[in-house]
Number of protein chains: 2
Amino acid sequence: MHKARQLIREALRAGATALSEYDSKRLLAAYGLPVVQERLACTPEAALAAAADLGYPVALKACSAALSHKTEGGLVELGITDPASLRRVAVGLQARAPAGSALLVQQMVAGRRELVVGLVRDPGLGPVVMLGLGGIFAEALADVSYRMAPLAAADVAPMVAQLAGWRIFGPYRGMPAVDIEALAAWLIGLGQIGLQHPEVQQLDVNPLIVCGSQPVAVDALVVLAGTPAASGGSGAPLGAPAAKGHRGRHARPRRSLRPLLAPRTVAVIGASATPGKPGYEVVRNIEAQGFRGRIYLVNPRGGLIRGRPVAASIAELPRNIDLGIVVLPAGAVAQAVRELGARGVRAVVLAAGGFAELDRNGATLQVELERAVQETGIRALGPNTSGHVSTPARCTSSFFPLGTVPRGPISYIAQTGNFATHSLRYIMSHESFGVAQIIGVGNKVDVEESEVLEYLGADADTQAIFVYLESLARPRRFVDVAREVTRRKPVVMLKGGTTAEGARAALAHTAALATDDRLLDGVLRQAGVVRIRRYSHLVLAAKALAFMPLPRGNRVGFAAPSGGMLVCLTDLCRRSLQLQVPDVAEATRQRLQDLSPPLVRLRNPVDIWPAATLHGPHRAYAEGVEALLGDPNIDAVVVILMLTEPTGAFAVDFLVELAGQHPDKPVYVSFTGDQALMAAAKAYLEPRGVPTFPLIEDPFEVLDIAWRCSQARAPGPPPGGSPGPRQV
Amino acid sequence: MHKARQLIREALRAGATALSEYDSKRLLAAYGLPVVQERLACTPEAALAAAADLGYPVALKACSAALSHKTEGGLVELGITDPASLRRVAVGLQARAPAGSALLVQQMVAGRRELVVGLVRDPGLGPVVMLGLGGIFAEALADVSYRMAPLAAADVAPMVAQLAGWRIFGPYRGMPAVDIEALAAWLIGLGQIGLQHPEVQQLDVNPLIVCGSQPVAVDALVVLAGTPAASGGSGAPLGAPAAKGHRGRHARPRRSLRPLLAPRTVAVIGASATPGKPGYEVVRNIEAQGFRGRIYLVNPRGGLIRGRPVAASIAELPRNIDLGIVVLPAGAVAQAVRELGARGVRAVVLAAGGFAELDRNGATLQVELERAVQETGIRALGPNTSGHVSTPARCTSSFFPLGTVPRGPISYIAQTGNFATHSLRYIMSHESFGVAQIIGVGNKVDVEESEVLEYLGADADTQAIFVYLESLARPRRFVDVAREVTRRKPVVMLKGGTTAEGARAALAHTAALATDDRLLDGVLRQAGVVRIRRYSHLVLAAKALAFMPLPRGNRVGFAAPSGGMLVCLTDLCRRSLQLQVPDVAEATRQRLQDLSPPLVRLRNPVDIWPAATLHGPHRAYAEGVEALLGDPNIDAVVVILMLTEPTGAFAVDFLVELAGQHPDKPVYVSFTGDQALMAAAKAYLEPRGVPTFPLIEDPFEVLDIAWRCSQARAPGPPPGGSPGPRQV
């Protein structure tokens, strides 16, 4: 580390923005990372002496801190076999290279597998390490994976497994497997360099040639910034830079979120007597949740609203109210916050839009608001939020007419208004699961997602957390919190805006390839957050996690009334999902066989049709599902129920019973047949804890999400050593 | 071609199973394909002379017809710069190489882009040409695309676009674009070699190095089979080998499918008086369709069934009945076919299972049945089929109680029983679209999918064809027919069993990478067949195509009541689908702006929430959708309707009107909010021709399918020149 610091300091003193190739590798070598044998020479004669020392064949390169793309510039010559050639090449190179360049003589490294590893400093996440396929296709294929520093040895196998080209790391075409410990040393070491040297902005090792089984750096580039604060490039980080905003603002210790999310007393500032207006509906909503604390209302007109007395001003409120819900126009919010702070109100929800999300004027208002929040020390949710719902606290700050929200184990963090509005209506009218907390973070002048995640991680009423975000206010902190929370309960996240990729100033491959989405993908995996890609899964997967246990493995047994469906669903499991469709144990096979007409072979997946023809669908399904659930090779069961008038409606209570008998195995249901019968089955099953899904692919996609949640919760990192299809 | 034939003949005469590297390239050169400059030498001295002629540096390889993996065997030395080194290497190589090997001296080809091209002879498809990324990662990445010979120049751009690594074909890291005409010459030429030389079983060019912009073959391998019949490897083809079975069986010209699919007279053999039995339900089904021709029934017991007289035997039937529907046990079917043939019956549907799909005994029965079909010349559908439905002919042979099937423009070809059974019940009870023909091909003793596809291609009642198959009886013919049909109407196909990949005897990369699914993927694209991956899309996409025109482009405009939804759905379009979300024209933008509260910026996609707050949701949606539909930059519109009691139920008739005013632009709908209101809206919209979809992602995925159908129908191949995300 001392050596490394010295190299960096010297380069900066010389006004360089990068280390030369030679010094870049000396920095790596100082961390014990294997680099190619090489000598720096100032003259052709010195180069000849170096080559004699290293042994032919050698490579010769021009070398200076100003050179970062030597290959394109014709300043590299490989495979020089004899002194005469070397002298000729050396003279030529010196003529072409910029003044002050030295000659770098290298041993040729034998190895056909070229990797790329590197480091990029993300403003939000800090140093992030990359592993990928190197060589000519590196940028065309962009087959790379990222993890945040510091890395653990256990991070490495999943990084490899995530690559499309993971096969080349195993024994491959007569070559031995890449030494995974040596590779781990590289990735961990790069992370250390990033953590210990804030001046290192980007670092590329390309190629990292696998020589036998050992990765050796053949070319390297370290990009420097003069001071750590002159941060890395112009690119959009994952949300705002970490150092700005939230961290600075809270010099004093933050107060708990409990008065915000589980208040004992509430005041509505801007309460209204007019039904349909936010200031009216929020009061009705609080009442509809059965709030047990005092509700205070403020409106300059005073009088009564919904039978409650109305204070004419904030000053008339009692002191030390937990939560103030402010439904005033944007221009009046900052002043209200100051007045509420003066009355000792502990937290506010700020509904109004018209702040930074809108225009410059709004941005000015938001700055003023931030100052008010900071100076009063009040905890604030919003502005520009549809508020929150807490069923355990029987409270809400949503102004969208909701009715009574059913209590359940699922919590949502959302950076969009609709989760406490029409999406909640959707859940309440389509689904039978209930929610614990819904928190719309809005413009995040104070409370942001990582603090909410921490709160929900400790919340006894929350069993699973679903997150929709378009940006992360404090990415590093979010990931650190998530890492802890995911050990205890599932965190499932949809990140919106993944196609608007931030462009980074890209001197190095590692940075050029480091889109926001790729970085986020890596760090979320690292933290055990299960990433999803479909909005609808925020509801469907929540239902599955609310009703059923997580599977203990990825081996699914399923039954459907059609060979075609069995084939297509097996394709889906194997091609797109991380699910296995295993053979069942012999005893199970025999049970299934006994259920079927003679000669028809039954196994997993189970074709229900022949057995239904023989015994009717009720017995076929009941016994088939029982056999699958009892099998030791099966971790979860999906049932595609055939419900048609001609084949006969039948009672589906056996599914509730069987699921109850196997509390460790999830049972999911979907349908084929007549709509009315399916609707009736859903209406029967879901209130009894058996989730159903509209299309036959849905239960499998949701089971895949549940399985990923299960892996994240397991002690240690997920078993990524056996690469499967990539998660999308 | 003469030269090529001579090379092949000589090798076969010498008992070789492959051409040597040198002869492989001479064969390529005979087709005008550029290969590396090289000389064959028998002694080190001759090699020195050759090198002097070619110029240093050179490569030296051992060369014989017995050597196919030189690199792994250490029989290749690259970059030899001088005579002394060459002599040393030559002596060493000769010592290591098998007896009889010659020395091959090659010019070194400069170029960092390595491709692989090749040819594999598929038993079902004939010669198929491959293009992919070569070099060390070729097999690990398996980034390849296939097309059936003969190739057209227009096939080449889509082949490139299909590769994950397509970027390297353009100008890339300082290198010029690959000469696409030169590449086309390669791919077309390889196809010609395959067509003209049936002895060539596999052909590999790896690497095909791009030198400047020109692809040059550096290594090549031609694998031969003694006679064309000794076909290529042990692998499972796409279905049965083409030469067997169907082709041979029909020496006489086939009779039309019309008596089968649109019969004027029908006889049910095995009619039953017992409701619930197939022999009863099929009669009731035929009646329920309103069949207008005569219905004859046969049962040895005679009497009356559903008021109709029953003949005691086939012999008692009148002559020249169009269709006999045989609902007898497997063991009685062949005899019935012979008797029906003797009575001049033109076609049969054979419902019974228990043939080759079951066991050996069934396979024997099937052979006997095939003989009966062949000898009588009768057209036969099945066995092991749930039959067919034809709404224009008001007829069905399905034994599953269906009721009256609604008539419509969609036809299905299915290799699974459920399309004329519970999946049809699903369609009839969930969806408002009707069908033209449904044909379950079953075990295909006679009628198979390519003939049915041809029939449906010419069927005036069929506007779009949906296909579910697990195997292709005659792959080549299917693709040839599909190529014609897709110019006139969409063909959408789900192939089941894609993960059970056939292993091929793999001397060459091209064959090793040629899984059934990759071959099929290439030839289906070539034929304009739109491949889908979800069973549910067989219904959802059918609805869209039944109700709405195909889009003329891929530019979608959409409206939703939530910024979060807009963001996620835009992500979906750009990341996973081939859809664009373009800016709208200035006039449209202004119209949208006028609809919105001051300062809120409206554009595509349209956030309905602010406008709904101002004008109510009805006006916001009506004017927003009207503006999008009228925009010249928009080809299709998706509407996510917010329907909740609090925001007010509203009439959605404007969607029907607006869709009618823009008959060239598809309009698809999905929902958020209260279930009862959504169900009511679906019930209103769908009978009026506006399709709705259960989850908000569905309309976009279906629009992507419709857009791919639209491209396939366009004259010439689809515009694959602008690579987008790969279709999955």
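**Exercise 1.** Find which residue of β25(B) is the bridge partner of M493(B), and place the two strands in their sheet.

*Solution.* In this predicted model, M493(B) has R531(B) in β25(B) as its bridge partner. Strands here are DSSP runs (E, at least two residues; helices are H or I, at least four), numbered from the N terminus. Next, β24 (residues 491-495) of chain B pairs with β25(B) in the parallel sense over 3 bridges, where pairing requires that DSSP finds at least two bridges between two strands. Finally, both belong to an open sheet of 7 strands with mixed pairing and the order β20-β19-β22-β21-β23-β24-β25 (chain B). Because β20 (395-396) and β25 (530-532) of chain B each have a single partner strand, they stand at the edges, and one side of each lacks a neighbour in the sheet.

**Exercise 2.** Determine where the buried and exposed residues of helix α3(B) lie.

*Solution.* In α3 (residues 44-54) of chain B, P44(B), A47(B), L48(B), A50(B), A51(B) and L54(B) are buried, that is, under 20% relative accessible area, with exposed meaning over 50% and partly exposed in between (1.4 Å probe, protein chains only). They cover an arc of only 165 degrees around the axis, so they lie on the same side of α3(B); the arc is taken from the directions from the helix axis to the C-beta atoms. On the other side, A52(B) and D53(B) are exposed. After the helix comes G55(B), with a positive phi near 95 degrees.

**Conventions.** Residues are numbered from 1 along each chain as its sequence is written, and chains are lettered from A and ligands numbered from 1 in written order. Local features need pLDDT of at least 70, side-chain atom pairs count only at pLDDT 80 or more, totals for chains, interfaces and linings use all residues, and side-chain values use heavy atoms, without hydrogens and water.
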